[in-house]
Amino acid sequence: PQSVVTGTDGRFEFDGLAPGKYSLSGARGGFLDAAYDHHEQFSTAIVTGAGLNTENLTLRLDPMAMISGRVIDEAGEAVRKAEVSVYRDVNQSGQGGTRIVGSAQTDDLGVFEVSSLAPGNYFVSAVVAPWYAVHPPSADPSGVPAAISRNLDVAYPTCFYANAVDIREATPIPVKGGDHI
């Protein structure tokens with residue numbers, strides 16, 4: 001592999017390459033890494049050699065986007081330690097589907113952030129077990145578990161943005177490069 005740093009005008013040049021097939025990729029902070037003429041998980045090879053024009057190629061980097069928000073309970077209070085998942089409709093190897101593309105856990109204020117997102121339509125879900133339904137390990141030195149009231153075994157359903165419990169009813173979130181939604 002060879003690497004170069006672009007000039008202030010974004011131009012780059014690789015000198016002395018032997019004839020052959022090459023892949024070209026680029027990276028920069030705040031942008032998504034990308035390969036030349038990428039589409040889904042594929043990219044286009046660059047062929048060099050006598051009589052082949054490989055000048056003035058354009059490598060496009062999309063600015064990364066971010067989805068952030070706050071998870072609250074039915075009383076409007078912050079939900080801490082909720083597992084937030086971000087989904088996107090994807091097509092990989094001819095197979096379509098909705099896949100998790102990022103996740104985060106809420107902080108003490110119920111706030112989460114998922115970054116490094118490409119442009120597209122996203123769905124967000126949150127799931128959490130109430131603090132009183134999480135059973136700590138027994139502190140009894142004998143190893144005998146403490147008596148636990150099964151009345152506290154409750155769970156919230158997975159919730160999708162905005163106020164849905166079924167992904168088919170979730171509201172899609174359109175995201176463009178550089179967005180902070």
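This report walks through a predicted model of one protein chain, from its overall make-up down to a few residues.

## The chain as a whole

There's no helix to look for here: the chain has zero helices and eleven strands. Read from the N terminus, the elements simply go β-β-β-β-β-β-β-β-β-β-β.

Of the 181 residues in the chain, 21% are buried. The accessible surface comes to about 12800 Å², and carbon and sulfur atoms hold 52% of that. As for contacts with a separation of 6 or more, 61% are between residues 24 or more positions apart.

## Two aromatic pairs

Searching the whole structure turns up two aromatic pairs. One of them is F12 with F14, an edge-to-face arrangement with 6.2 Å centre to centre and 70 degrees between the planes. Both rings belong to partly exposed residues: F12 has a relative accessible area of 29%, and F14 comes in at 26%.

Then there's Y87 with F160, where the centres sit 6.1 Å apart and the planes make 45 degrees, so this pair is tilted. Y87 belongs to strand β6 (residues 83–92) and F160 to strand β10 (residues 159–160), so the pair ties together parts that are 73 residues apart in sequence. Y87 counts as buried because its relative accessibility is 14%, under the 20% cut-off. F160 is buried too, with a relative accessible area of 11%.

## T106, a buried loop residue

Which strands flank the loop that holds T106? They are β7 (95–105) and β8 (111–117). Being in a loop doesn't put T106 out in the open: at 4% relative accessibility, this residue counts as buried.

The T106 side chain has polar partners in the backbone. It reaches the backbone oxygen of V79 at 2.7 Å, and one of its polar atoms lies 3.0 Å from the backbone nitrogen of K81. If you leave aside neighbours within four places in sequence, T106 is in contact with V71, V79, R80, K81, A82, V84, V111 and F112. So V79 and K81 turn up in that contact list as well as in the polar contacts, V79 through its backbone oxygen and K81 through its backbone nitrogen.

## A50, an exposed loop residue

A50 is another loop residue, found between β4 (46–48) and β5 (65–70). Is A50 buried or exposed? With a relative accessible area of 83%, A50 is exposed.

There's also a link in space to an earlier part of the chain. P19 is 31 residues away from A50 along the chain, and the C-alpha atoms of the two are separated by 7.5 Å.

Key. Residues numbered from 1 in each chain as written. Predicted model: local features only at pLDDT ≥ 70, side-chain atom pairs only at ≥ 80, totals over all residues. Heavy atoms only, no water. Helix = DSSP H or I, 4+ residues; strand = E, 2+ residues; numbered from the N terminus. Buried < 20%, exposed > 50% of the residue type's maximum accessible area, 1.4 Å probe, protein only. Polar contact = N/O pair within 3.5 Å; in protein donor to acceptor, adjacent residues only side chain to side chain. Contact = heavy atoms within 4.5 Å. Areas by Shrake-Rupley, 256 points an atom, 1.4 Å probe, with all protein chains shown as cover. Phe/Tyr/Trp six-rings, centres within 6.5 Å; stacked < 30°, edge-to-face > 60°.
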